[in-house]
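Please look at the sequence and the model below before reading on. The briefing then takes up the surface, the charged pairs, one sheet and two backbone angles.

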Amino acid sequence: MQAGSPQLKWESDSGSSFTISDANDEEAIDGSGTRLTLHIKDDAMQYLESSKLEELVQRYSEFIEFPLQLWKSNTEYEKVPDIEANADLAEGEEPKMKTVPKTVEEYEEMNTQKPLWLRSPNEPEDEEYKEFYKTAFKASYDEPQKWSHFRLEGQVDFKALLYVPGMLPFELSKDMFDEESRNVRLYVKRVFINDKFEDIMPRWLKFVKGVVDSDDLPLNVSREILQKSKVLSIINKRLVRKSLDMFRDIAEDEDASKYIMFWNNFGKYLKIGIIEDDKNKKELAPLLRFYSSKSGEEFTSFDKYIDGMVEGQKSIYYVTGEGRKNAMQLPVIEKLKTKGYEVLLMTEPLDEITIEAIRDYKEFNVIDATKEGLDLEDGEETKKETEELNEKYADLREFLEVQLEGKVQKVTVSTLLTDSPAALVQGAYGVSPTMQRYMKAQSVASGGDGSMGSMNQAILEINPKHPIVQDLEKMVQTDKESAKT
């Protein structure tokens with residue numbers, strides 16, 4: 001501004017009108033620039049406190065490129081001679097000192113943290129990414145497992161930096177979808193806008209932390225503006241894609257323990273992704289991990305399962321059960337094991353919902369081995385044998401259906417059992433016992449009576465080669481009304 005140029009004063013009482021007038025000499029600025037004077041209302045005096053102002057600056061303007069300074073009073077301590085203690089000080093003796101507080105008032109720069117995402121992804125060192133994560137997300141005790149630093153140019157221009165935490169954030173340990181959890185922050189021109197835009201990331205990526213900074217959006221951006229401009233959808237797709245890339249990188253790492261740690265921390269979120277995000281289901285399926293009848297204490301994947309398939313196997317088989325031990329004791333596993341088939345173990349209610357959302361993987365069907373009508377591709381001869389056995393044991397089946405009326409839907413003969421005399425299986429559209437217990441508990445918790453109706457009625461399959469079944473058949477044929485029968 002040239003010397004002697006007029007200075008103007010803009011005034012408003014926060015209403016819809018304002019005035020512009022010439023500034024008098026007392027109000028004039030020395031040199032050039034702008035001075036803002038805010039008059040605080042009586043009920044907003046907290047905004048005159050330096051701690052409140054510091055909180056606001058740190059939250060909304062932490063990464064502004066020009067320096068922001070706040071006038072603060074700090075207490076410092078300095079050593080000065082102790083006059084009373086030195087009153088009788090002998091000549092040549094070192095004077096005694098004391099520590100006294102001293103109030104220092106000065107400007108302190110608030111935004112010392114530099115926006116790492118503005119730099120080229122090739123520039124920062126790994127330690128800089130880690131330090132930024134710990135500082136920006138208040139995670140001093142956590143080491144990020146992976147990060148992705150990228151920029152999108154085109155229809156939407158934005159820069160982003162995403163992190164996979166090394167451990168499950170504390171706020172998500174009690175509630176995996178905690179509404180107070182803040183994972184992705186939206187900035188516009190380095191000014192913080194919001195960290196509550198739920199649609200910026202799907203909820204199954206609640207654990208991924210990061211920042212998104214766009215120069216295209218207005219500073220007063222709102223959910224409505226984002227939705228109308230379709231910006232949100234574009235940002236969402238790219239963030240999901242980059243997140244999946246990070247997960248795949250961890251899974252493909254030579255150190256297998258890294259993905260095991262990731263899965264133990266965040267596997268349940270990927271399961272939710274399978275259930276809720278149909279568009280990315282195929283991308284998520286290879287990242288799932290399960291225990292199986294052959295994996296022991298280690299996890300296996302769909303791809304590893306397929307690599308271990310025996311010749312002629314055409315499907316992927318799984319069973320549901322409450323814990324690995326109980327799942328492995330299911331009678332249906334007997335026949336599958338004799339054929340050399342591996343069986344995936346779904347041991348939690350969420351596992352069952354997840355696997356039911358996956359009808360096939362690559363060219364293989366994913367089949368619940370505990371459901372009625374399990375077909376192990378044994379050919380027409382086996383089907384014919386089953387039909388003949390059902391006819392042969394028709395009296396026994398009818399007898400058992402009468403005795404177990406209200407408890408089972410029906411009784412059939414099975415050629416799949418080897419060591420067990422019988423097994424309970426669910427109908428084609430039935431619900432497993434594990435899921436039944438879960439649904440009953442949910443019903444009771446919400447005020448219901450826990451009744452599951454006919455959903456509890458399974459199908460009883462009997463093994464015609466087992467001595468118990470054969471003896472029972474003889475008893476029914478001889479005298480089915482006897483007490484012994």
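A negative surface patch is made up of Glu380, Glu385, Glu387, Glu388 and Glu391. The model is a predicted one, in which local features need pLDDT of at least 70 and side-chain atom pairs count only at pLDDT 80 or more, while totals for chains, interfaces and linings use all residues. Residues are numbered from 1 along each chain as its sequence is written, and side-chain values use heavy atoms, with hydrogens and water left out.

**Surface patches**

- Patches consist of residues with over 30% relative accessible area and no salt bridge, where like charges are joined within 9 Å and nonpolar side chains (Val, Leu, Ile, Met, Phe, Trp, Tyr) within 5 Å.
- Accessible areas come from the Shrake-Rupley method with a 1.4 Å probe, and for residues only the protein chains shown count as cover.
- In the charge count, Lys and Arg are positive and Asp and Glu negative, whereas His and the chain ends are not counted; the place of a charge is taken as NZ of Lys, CZ of Arg, CG of Asp or CD of Glu.
- One member of the negative patch, Glu387, is located in helix α12 (residues 380-392), and Glu387 is exposed because its relative accessible area is 57% (buried means under 20%, exposed over 50%, and partly exposed in between, with a 1.4 Å probe and protein chains only).
- Helices (H or I, at least four residues) and strands (E, at least two) are DSSP runs, numbered from the N terminus.
- A nonpolar surface patch of about 510 Å² is formed by Leu8, Trp10, Phe18 and Ile20; of these, Trp10 belongs to strand β1 (residues 8-11) and is exposed, its relative accessible area being 55%.

**Salt bridges**

- The structure contains 23 salt bridges, a salt bridge being a side-chain nitrogen of Lys or Arg within 4 Å of a carboxyl oxygen of Asp or Glu.
- Side chains of opposite charge can pair when their charged atoms come close.
- Arg248 and Asp245 form a salt bridge at 2.8 Å, N to O, and both are in helix α5 (residues 231-251), three residues apart, which is about one turn of the helix.
- Arg248 is partly exposed at 25% relative accessible area, and Asp245 also counts as partly exposed, at 29%.
- Another salt bridge links Lys281 with Asp278, whose closest N and O atoms are 3.1 Å apart; Asp278 counts as exposed at 56% relative accessibility.
- In the salt bridge between Glu297 and Arg324, the closest N and O atoms are 3.3 Å apart. Glu297 lies in the loop between β10 and α8 (302-307) and Arg324 in helix α9 (residues 324-328), so this pair ties together parts that are 27 residues apart in sequence.
- Glu297 counts as exposed at 64% relative accessibility, whereas Arg324 counts as partly exposed at 29%.
- Glu127, Lys130, Lys134 and Glu143 are joined into one network by salt bridges that share partners.

**A mixed sheet**

- An open sheet is built from five strands in the order β10-β12-β11-β14-β13, with mixed pairing, and its edge strands, β10 (291-292) and β13 (360-361), each pair on one side only.
- Two strands pair if DSSP finds at least two bridges between them.
- β10 and β12 pair in the antiparallel sense over two bridges, with Tyr291 opposite Leu345 in β12.
- Strand β11 (residues 315-320) and β12 run parallel and are joined by four bridges; Thr320 has Met346 in β12 as its bridge partner.
- At the other edge, β13 and strand β14 (residues 364-368) are antiparallel and pair over two bridges, and Tyr361 stands opposite Phe364 in β14.
- In a regular strand the side chains alternate between the two faces of the sheet.
- Strand β12 (residues 343-346) is covered on both faces, as Val343 and Leu345 on one side and Leu344 and Met346 on the other are all buried.

**Positive phi angles**

- Most residues other than glycine have a negative phi, and most peptide bonds are trans.
- Lys138 has a positive phi, near 50°; Lys138 lies in the loop between α2 (126-136) and β5 (146-152) and is exposed, with a relative accessible area of 66%.
- Arg190 has a positive phi, near 75°; Arg190 lies in the loop between β7 (184-188) and β8 (191-194) and counts as buried at 12% relative accessibility.
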